[in-house]
Amino acid sequence: MSQGRSSQVDGRSGRPRVAVVYGSPSDAQTMSKAGATLERFGVPYEEVSLSAHRAPRTLAEYVGQLKSREISVVIAGAGLAAALPGAIAALTTLPVIGVPISGGALDGMDSMLAIAQMPPGVPVATVGLNNSTNAAILAVQILAVSDPDLALKLATFKDDFEQAAAASLADLSGARA
Ligand code: RP5
């Protein structure tokens with residue numbers, strides 16, 4: 001299953017707007033936070049395990065039909081010599097968000113550089129190591145540019161940070177009084 005498109009394609013609550021792709025089933029746990037975050041915002045997505053190195057032709061075929069299926073953003077996670085996000089970015093004009101995944105002899109330094117150091121003209125928006133949560137939030141932010149309901153959910157989400165910080169500061173001053 002690690003060598004081809006996964007049979008697990010989850011269009012959750014409607015037509016998927018985001019594709020969450022990762023290089024191996026061994027990446028699934030790290031990438032699951034992307035799905036959980038998209039679900040939190042009510043964004044339908046599909047999830048596919050597909051390796052750029054092991055199944056390049058299948059990857060090209062999969063990426064080639066994303067636009068006609070009205071997918072708007074791709075989140076791509078990979079470890080080691082992480083070609084997947086860059087290979088997808090080379091095959092589409094959709095925005096691609098890359099998630100470097102730790103593991104192997106260099107424990108993620110390799111995948112961080114492979115994903116971030118794209119040549120001019122083929123950008124991949126790279127998030128922190130294993131941070132598929134941020135990849136999903138960035139995907140939601142991209143979708144929210146033309147989706148007022150999502151923009152409102154994002155504003156509330158960010159506001160919650162501010163309120164939690166204010167509440168914890170208030171608790172602290174209460175404890176000091
Ligand atoms: C990468 O190699 C994958 O993204 C994964 O992080 C890593 C190891 O893959 P497996 O050997 O576990 O399939 O291509």
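A polar contact is a pair of N or O atoms within 3.5 Å, and that cut-off will be needed when the tour reaches the ligand of this predicted model.

Begin with the whole chain in view, where the C-alpha atoms fill a box of roughly 65 × 40 × 35 Å along the principal axes. Colour by confidence next: the average pLDDT of the chain is 92, and 93% of the residues score at least 70. Then select residues 1-12, where the pLDDT is below 50, although this stretch has 36 contacts in the model beyond near neighbours in sequence.

Switch to a cartoon, which should show six helices and five strands, following one another along the sequence in the pattern β-α-β-α-β-α-β-α-β-α-α. Select the strands: the five form an open sheet with parallel pairing, and the order across it is β2-β1-β3-β4-β5. The edges are β2, residues 45-49, and β5, residues 125-126, each of which pairs on one side only.

Stay at the β5 edge and add β4, residues 96-101, which pairs with β5 in the parallel sense over two bridges; here Gly 98 stands opposite Thr 126 of β5. Now bring in helix α4, residues 109-116, which packs on the sheet and touches β3 (73-79), β4 and β5, its direction making about 165 degrees with that of β4.

Finally, select the ligand together with the residues around it, namely Gly 23, Ser 24, Ser 26, Asp 27, Arg 54, Ala 78, Gly 79 and Leu 80. Three of the side chains in this selection deserve a distance label. For Asp 27, an N or O atom of the side chain is 2.6 Å from an oxygen atom of the ligand, and this pair is therefore a polar contact, lying within 3.5 Å. For Ser 26, a side-chain N or O atom is 2.7 Å from a ligand oxygen, and for Arg 54 the corresponding distance from a side-chain N or O atom to an oxygen atom of the ligand is 2.7 Å. With a surface switched on, consider that the ligand taken alone exposes 360 Å², of which the protein buries 72%.

Definitions and conventions: Residues are numbered from 1 along each chain as its sequence is written. This is a predicted model: local features need pLDDT of at least 70, side-chain atom pairs count only at pLDDT 80 or more; totals for chains, interfaces and linings use all residues. Side-chain values use heavy atoms; hydrogens and water are left out. pLDDT is the predictor's confidence in each residue, from 0 to 100. Contact means heavy atoms within 4.5 Å. Two strands pair if DSSP finds at least two bridges between them. Helices (H or I, at least four residues) and strands (E, at least two) are DSSP runs, numbered from the N terminus. Axes are lines fitted to C-alpha atoms, for helices over the stretch in contact, and angles run from 0 to 180 degrees between N-to-C directions. A residue is near a molecule or strand if one of its heavy atoms lies within 4 Å of it. A polar contact is a pair of N or O atoms within 3.5 Å; within protein, one must be able to donate a hydrogen and the other to accept it, and residues adjacent in sequence count only if both atoms are side-chain atoms. Accessible areas come from the Shrake-Rupley method with a 1.4 Å probe; for residues, only the protein chains shown count as cover.
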